[in-house]
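Me: Please take a close look at one part of this structure and describe it in a connected way, including what surrounds it.

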Amino acid sequence: MAQFDRYNDGSSNPPRLQIQHSLWSLIGLPMNSPVEWTLEEKAAKVKAAGFEGIECWLWDHDEAERKALLDRHGLRLTLGHHPHTLDDVRVTVSRAKRLHADFVFAQPLNPFVPIKEAANFCREARNIANGEGVAFWVETHRNNIPESLNQALQLVDEWPEVRFTGDFSHFVVVSEFYGLEYERAVERMMPVLSRTSHLHGRISNGEQVQVDVGDGSGATPQFFVQIWSAAMREWRKGAGPGDVFPFASELGPPRYAITTPDGKEFSDRWEQSLVMKQLAEQAWEISALD
């Protein structure tokens, strides 16, 4: 099923980067304001900032409103879900076809499911999606399979054809990687990076899963640029006309976002999402160098 290893937009354009924004990440913005941006304002700001699409988790009651919002602003749709049964997968795949979503990513099961059982589930879930013409990728995320690098490597052993949505903030915090040379983090992650078709932009410092990285020039964000560029470099191998590498800025609201004792955020997630976009573009440029 190699045709589903990458998202392809059907064009003859050379392989390219597509940067998206998570709808979840827009909750509670602007920072510490008593009045939150409306959905219309959020979509307008995402579009004006140069993002090409919005990642959503949708249900029957809100899919029409959300899809109409994206269409008004010329934004593409990606669907995420947390399936516990194959029927959950079928529902989301059906929604993806109905709404013309680009692809589906999943946070499957829970981390206590035996890896052979989890691999069989993920394999069948992908077969269901691909059978309907929808690309399906497994997210690296805590509280699902796989929640750690060790689990991901076991999943690769059981099912080498797996393709990932890489949110590597989770692996970095679980493994307590600081980006130090002796950790060999990128080398250890290569079996996963070489199977990554989609990235989520969140940065961990090895202790907290989501931290403010300032302008992105420090050691911690540049460690993630190294990880992301390695995944992009592997993805470029064999990429052809119309292939698109999606990257989504995904900075969560509290409790992902760290707060002061009074519950206020001290990091501006909107401004940081623009830094995630900048870092993704930097990683893409680096990935083309060799």
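Reply: The account below starts from one strand, follows its partners and the aromatic rings, and ends with another strand.

This is a predicted model, in which local features need pLDDT of at least 70 and side-chain atom pairs count only at pLDDT 80 or more, whereas totals for chains, interfaces and linings use all residues. Residues are numbered from 1 along each chain as its sequence is written, and side-chain values use heavy atoms, with hydrogens and water left out.

The part chosen is strand β8, residues 196–201, where helices (H or I, at least four residues) and strands (E, at least two) are DSSP runs numbered from the N terminus. Because six of its six residues are buried, β8 is largely enclosed by the rest of the structure; buried means under 20% relative accessible area, exposed over 50% and partly exposed in between, with a 1.4 Å probe and protein chains only. Strand β8 runs parallel to strand β7 (residues 164–166), to which three bridges join it, and three bridges also join β8 to β9, again in parallel; two strands pair if DSSP finds at least two bridges between them. Leucine 199 of β8 takes part on both sides, since glycine 166 stands opposite this leucine, while its bridge partner in β9 is phenylalanine 247. With helix α8 as the connection, β8 and β9 make a right-handed β-α-β unit (with the strands pointing away from the viewer, the path from the first strand over the helix to the second runs clockwise).

Phenylalanine 247 leads on to the aromatic residues. Rings of Phe, Tyr and Trp (its six-membered ring) pair if their centres lie within 6.5 Å, with planes under 30 degrees apart counted as stacked, over 60 as edge-to-face and the rest as tilted. By this rule the model has 13 aromatic pairs. In one of them, tyrosine 7 and phenylalanine 103, the ring centres are 5.9 Å apart and the planes stand at 45 degrees, so the pair is tilted. This pair links distant parts of the chain, 96 residues apart, with tyrosine 7 in strand β1 (residues 7–8) and phenylalanine 103 in the loop between α3 (86–99) and β5 (104–106). Tyrosine 7 counts as buried because its relative accessibility is 7%, and phenylalanine 103 is buried at 0%. Tryptophan 228 and phenylalanine 247 form an edge-to-face pair, 4.9 Å centre to centre with 75 degrees between the planes. Here tryptophan 228 comes from helix α8 (residues 219–236) and phenylalanine 247 from strand β9 (residues 243–249), 19 residues apart. Both tryptophan 228 and phenylalanine 247 are buried, and together with Phe223 and Phe224 they form one aromatic cluster.

Another parallel arrangement is found at strand β3 (residues 53–56), where Gly53 and Glu55 point one way, Ile54 and Cys56 point the other way, and all are buried. In a regular strand the side chains alternate between the two faces of the sheet. Three bridges join β3 to the parallel strand β2 (residues 16–22), with glutamate 55 as the bridge partner of serine 22, and four bridges join β3 to strand β4 (residues 76–81), also in parallel, where leucine 77 is the partner of isoleucine 54. Strand β3 belongs to a right-handed β-α-β unit with β2 and helix α1 (residues 39–48), and to another with helix α2 (residues 63–72) and β4.
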